Amino acid sequence: MIKTTLKSIRGHLGRLVATAAAVILGISFLAGTLIFTDSVQKAFDDLFATVFETTDAQIRSTETINAGFGFEVRGRISETVLADVRAVEGVAAAEGFVQGTATVIDSQGDPIGNPGQGPPTFGFSWSDDAELNQFTISQGRSPAGPGEVVLDANTTEVGGYAVGDSVTVLATSGSESFELVGVAKFGESNSLGGATTALFELRVAQRLMEAEGQLDAVSVRGEVGVSQQALVDAISPVLGDGVEAITGAEATADSQDQIATALTFINVFLLAFAGIALFVSAFVIYNTFAILIAQRTQELALLRAIGASRLQVVGSVFLEALIVGLVGSALGVLFGVLLSNGLSAMLDAFGVDLPSGGLVVGSSTILVSLIVGTMVTLVSAVFPAVSASRIAPLEAMRQSAAEAPKPSKARLAIGAGMVVLGGIALLVGLLQPRLDLAGGGVAAMFIGVFVLGPAIARPVARLLGAPIARTRGVTGKMARENAMRNPKRTARTAAALTIGVALVAGVTVLASSLATSIEDVVGQQFVGDVVIDSGSFGPGGGFSPDLTRQIGELDQVETVASLRVGLAEINGDGDFIVIVDPAVVFELVDPGLLEGQPADLTETSIFLLDTKADALGVGLGDTLSLRFLDGVIRTLAVAGVYEEQAFFGNYTISQGLYESTGAEQLEFVAYVQLADGASVSDATRAIDERAAAYPNVTVQDRQEYIESQSAQLDQMLGLIYGLLGLALIIAAFGIANTLRLSVIERTREIGLMRAVGMTRGQVRSTIRWEAVITSLFGALLGIVLGLFFGYAIIYALRDQGVSSFSVPVVPLAVVVLLAAVIGVLSSLLPARRAAKQNILDAIG
C-alpha cells in the first residue's frame with residue numbers, strides 16, 4: 001500500500017500542488033512571525049548587553065507603575081544620591097541622567113515621530129563618561145551647555161539635518177531652538193528602536209524635563225577587581241528609602257525582559273492572523289482531498305476488491321496528507337524567512353528602526369512549523385480518509401460515486417446546532433470577556449456554515465446565476481447548472497472565501513460602527529468651538545501647558561480647558577488617569593455626571609466611571625488609594641460618578657493634585673470656547689499663530705475635530721485588512737484548485753460539448769462564470785456572518801459608550817465585487833486548461 005500510495009502521489013502530483021500551496025502560505029505566516037520576533041529579541045538582547053557592558057551597577061527608584069505592554073514607568077530620585085555614590089569605596093565613576101519627552105521638529109517644520117501611533121520621542125541627558133554612556137558620538141561632539149543638542153543618527157537623517165544646523169525641540173517646558181553639535185548612535189544602532197532621541201547637557205535636560213534637582217537613574221562603574229555584586233553591596237547602605245542598587249547584569253536583564261514582554265503582544269497579534277490563515281487552509285485541504293477521493297472512487301474500489309482493508313485505505317490517504325503536510329510546512333519555513341524580512345520592512349515604514357542583526361531561525365521554530373502544518377493537513381484529511389474507506393468494492397466499480405442529491409437531516413441538524421451554539425459562545429465570550437470562548441464560537445459558526453453549505457448552495461446558486469443565464473446565453477446557463485448540479489462541491493469551494501469575507505466584513509462593520517459612535521459621542525459631549533490636538537493619547541506625547549496658557553490670553557477666547565493623561569496605581573493596580581481643571585472643563589465637556597458636582601473634584605477627591613465604580617464596589621463617599629511615582633499613597637474620596645468614558649476615561653483627578661506628585665505635565669488636547677461675537681475663522685487664525693511654535697499640534701474647528709476622531713481608525717483598519725489579505729489569497733488558491741480538479745473530473749463532458757460545437761471561448765466563459773457564482777455564494781455567506789460578528793462586538797461594547805450599529809453598504813458591496821474578481825482570476829488557468837483539451841482524447 002505504501003508503494004501504491006507513493007505512485008498515486010506521483011500520478012496526481014499536479015492535483016496536490018495547490019493543497020501544498022495552502023499549507024505553505026499558512027505556515028509561512030506562522031514561521032515568519034516566529035523568526036521575526038526571535039530575531040528582534042536577539043538583536044535587542046545583544047544591543048542591551050553591549051550598551052550595559054561597562055555598567056557595573058545602576059541606582060534607581062523603587063517606585064514603579066505598570067504602563068501596560070510589559071513596560072513600567074519608574075519614579076525619579078534626588079540628585080544628592082550622586083555625590084553619596086561617588087564617595088563609596090570601589091566606585092571608579094558614577095553618572096546621573098534624566099529622561100523625558102522631547103519632540104524634534106524637522107527642517108521642514110514638521111514633528112518627527114508620532115508617539116500616539118509609533119515609537120516614542122525621548123529627551124535624555126548626556127553622560128561625559130564614555131564607558132557609562134549608552135550613546136556614542138559618530139559625528140561632531142557632545143553637548144557642552146545651554147543651546148546645544150545631539151540627535152540620534154536616524155532622527156538626524158529623517159529631519160534633514162547636519163552638524164551646525166539649528167534644531168527646534170518641544171519639551172515639557174515649551175519650545176526652544178538648539179544648535180546641533182553632534183550625531184550619536186545607540187550602541188551600533190542608528191536609534192533606540194526607532195524612537196526620536198535628543199540629548200542635552202544634564203542641567204539643560206533637567207530644566208527641559210522639569211526635573212531640577214532630580215535624576216532618573218545613576219550608572220556606576222566599579223574599580224578594577226571589584227565585582228558587580230560587591231559594588232552593589234557597598235553602595236546600598238548609603239541609599240535612602242525608595243532607592244535601590246542593582247548590578248549591571250540585572251539592568252541588562254531587566255531591559256531585555258521588557259522588550260521580550262512587549263514583543264509577546266506583537267507575537268500574539270501576528271500569530272492570531274497566522275491561525276486565521278491556517279484555519280482557511282484547513283478548508284482548502286479538506287476540499288481538495290474530498291474531491292480527489294471522489295475522483296479516485298474506482299481506483300480505491302479496485303484496491304478494496306483485491307484485498308486492501310478499510311484501515312489500509314485510511315492509512316493511504318493519511319500518508320498522502322503526511323507527505324503534503326511535511327513538504328508544505330518545510331517550504332513554508334523557507335518562505336517564512338522572506339516574510340520576516342517583509343515584517344521588518346513594514347515596521348520600518350511605520351518608523352520603527354530595529355537594531356541590525358542576522359535572522360534567527362531556531363530549531364523550535366522549525367519544529368513548531370512542521371508539527372502545526374502537518375497536523376492541520378492530517379486533521380483536514382480525516383473525513384475524506386474515512387469516506388474513502390467506506391467505498392463498497394463492487395458498487396464503486398460499477399459506477400462513479402455520486403454525491404447525495406439532498407443533504408441528510410443529520411447534516412442539517414448538526415450544522416444548525418453548531419451555528420447556534422457558536423453564536424451563543426461568541427456572545428458569552430465577548431461579554432465576560434473570554435477571548436478563547438469567543439474565538440471558539442467563531443470557529444464553531446464557520447464549521448456549522450460549512451456543514452450547512454450544501455443545503456443552501458443549490459437555491460442560492462440558482463438565484464445568483466439567474467441574471468448570468470439570461471444575459472450570457474448558453475455559457476451562462478451551463479455555468480449556473482454546473483454550480484447547482486453539485487452543491488456540495490460548490491459549498492466546499494466557497495468555504496475558504498466565506499471565512500475571509502466574513503472576517504473582512506466583520507472588521508468593516510465594526511470600524512463603521514465605532515466611527516459612527518465616536519462621532520455621536522464626541523458631538524454630544526463636546527460643546528466647544530475650537531480644539532488644539534496633539535494626536536497622542538497618553539504619557540510620552542502631548543504639548544506644554546505653556547501653549548494652553550498663551551491661548552487662554554487671547555481676546556477671542558472665553559474659556560480653554562485641557563486634558564492630561566497620567567499613570568497611577570489604584571488599589572494596587574496600575575491604570576491611566578485623566579487630569580482636568582475642574583473649574584473650566586465641565587463648561588466644554590459633558591461626561592454625564594450621575595452623582596456629584598464639578599466643584600466636588602478637588603485635590604483630595606476623585607471622579608469615577610460608573611462601570612468602574614461598580615466593578616470596584618465603591619460609591620459616593622468611599623475612598624480609593626492612589627500611589628503615584630513620587631511614592632506617596634494618597635487616599636482620595638469618591639466625589640463624583642459619570643457615565644461617559646470618551647473624554648474622562650475610567651478615573652479623573654484635578655490638575656492641582658497631579659502637579660503635586662512631580663510627574664511630567666503634558667497636555668494631549670485643549671478645548672476652546674470662544675468669546676461672544678468672536679468669529680471662528682478669526683479665532684482659529686489667532687490660535688494658529690500661537691501654536692506655530694508647536695508643530696506637533698493641529699488646530700481644528702468643532703466639525704473637523706469630530707471627523708478626525710473617527711478617522712484615527714483608518715490606519716489600524718488598513719493593517720488588519722492587509723493581514724487578512726493572506727486568508728483571501730489562500731481562498732483564491734482553493735477556488736482555483738477546485739476548478740482545476742472539476743475540469744479533470746469533467747474531461748469527457750467537456751469533450752462532448754466541444755464535439756457538438758461549443759467553442760473554446762465558450763468553454764472558458766462557462767468555467768469563469770461558474771467561478772463567479774461560487775465566489776458570490778461564498779461572499780454572501782461571509783457578509784451575513786460578518787454582519788453578525790460586527791453586531792455581536794458592538795453589543796458587547798455597549799457599556800463602553802459604543803451604541804451605534806452601522807452597516808457600510810458601499811464598502812461591503814466592494815467586498816462582494818472583490819470576491820467576484822477573485823473568482824474570475826482563480827478561474828483563468830482552469831478555464832484555459834479546459835479549452836485546450838483535445839476533443840478526441842477527452843471523449844476517449
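Lys and Arg count as positive and Asp and Glu as negative, while His and the chain ends are not counted. Keep that rule at hand for the exercises on this predicted model.

**Exercise 1. Charged patches**

Task: Find which residues form a positive surface patch, and work out how R760 fits the rule for patch members.

Solution:
- Step 1. The positive patch is made of R760, R764, R832 and K836.
- Step 2. Each name begins with R or K, for Arg or Lys, and these count as positive.
- Step 3. Now look at R760, which sits in helix α24, residues 760–796. Its relative accessible area is 42%, so R760 is partly exposed.
- Step 4. A patch member needs over 30% relative accessible area and no salt bridge. The 42% of R760 satisfies the area part of that rule.

Task: Which residues gather in a patch of negative charge on the surface?

Solution:
- Step 1. The negative patch brings together E519, D520, E704 and E707.
- Step 2. Two elements, α15 (487–525) and α21 (702–711), each give two or more residues to this patch.
- Step 3. D520 belongs to helix α15. With 33% relative accessibility, D520 is partly exposed.

**Exercise 2. A covered strand**

Task: Is strand β20 (residues 605–609) mostly covered or mostly open, and which strands pair with it?

Solution:
- Step 1. Count the buried residues: 5 of the 5 in β20 are buried, and the strand is mostly covered.
- Step 2. Think about the two faces. Side chains in a regular strand alternate between the two faces of the sheet.
- Step 3. Sort the residues of β20 by side. S605, F607 and L609 lie on one side, I606 and L608 lie on the other, and all are buried.
- Step 4. Turn to the partners. Strand β22 (residues 633–642) runs parallel to β20, with 5 bridges between them. Here S605 has A637 as its bridge partner.
- Step 5. Strand β23 (residues 651–654) runs antiparallel to β20 and is joined to it by 2 bridges. On this side of the pairing, L608 is matched with Y651.

**Exercise 3. An enclosed strand and its partner**

Task: Why can strand β15 (residues 243–247) be called largely enclosed?

Solution:
- Step 1. Of the 5 residues in β15, 4 are buried, so the rest of the structure largely encloses this strand.
- Step 2. Its pairing with strand β1 (residues 57–61) is antiparallel and covers 5 bridges.
- Step 3. To find the pairing in the 3D view, start at S61, which stands opposite V243 of β15.

**Exercise 4. Salt bridges**

Task: How many salt bridges does a search of the whole structure find, and which parts does the pair R627 and E63 tie together?

Solution:
- Step 1. The search of the whole structure gives 18 salt bridges.
- Step 2. One of them joins R627 to E63, with the closest N and O atoms 2.5 Å apart.
- Step 3. R627 is in strand β21 (residues 623–627), and E63 is in the loop between β1 and β2 (64–68), so this bridge ties together parts that are 564 residues apart in sequence.
- Step 4. Both R627 and E63 are buried.

Task: Where in the chain are the partners E176 and R207, and how accessible are they?

Solution:
- Step 1. E176 and R207 form a salt bridge in which the closest N and O atoms are 2.5 Å apart.
- Step 2. E176 is in strand β11 (residues 174–186) and R207 is in helix α5 (residues 202–208), 31 residues apart, and the pair links distant parts of the chain.
- Step 3. E176 has 23% relative accessibility, and R207 has a relative accessible area of 34%. Buried means under 20% and exposed over 50%, so each partner is partly exposed.

Task: About how many helical turns separate R685 and D682?

Solution:
- Step 1. R685 and D682 form a salt bridge, and their closest N and O atoms are 2.2 Å apart.
- Step 2. These residues are 3 apart in helix α20 (residues 680–691), so about one helical turn separates them.
- Step 3. D682 has a relative accessible area of 37% and is partly exposed.

**Exercise 5. The whole chain**

Task: How many helices and strands does the protein chain have, and what share of its residues is buried?

Solution:
- Step 1. The chain has 26 helices and 25 strands.
- Step 2. Of its 844 residues, 52% count as buried.
- Step 3. Its C-alpha atoms fill a box of roughly 95 × 75 × 55 Å along the principal axes.

Note on methods: Residues numbered from 1 in each chain as written. Predicted model: local features only at pLDDT ≥ 70, side-chain atom pairs only at ≥ 80, totals over all residues. Heavy atoms only, no water. Buried < 20%, exposed > 50% of the residue type's maximum accessible area, 1.4 Å probe, protein only. Pairing = 2+ DSSP bridges. Patch = residues over 30% accessible without salt bridge, like charges linked within 9 Å, V, L, I, M, F, W, Y side chains within 5 Å. Areas by Shrake-Rupley, 256 points an atom, 1.4 Å probe, with all protein chains shown as cover. Salt bridge = Lys/Arg side-chain N within 4 Å of Asp/Glu carboxyl O. Charge placed at Lys NZ, Arg CZ, Asp CG, Glu CD.
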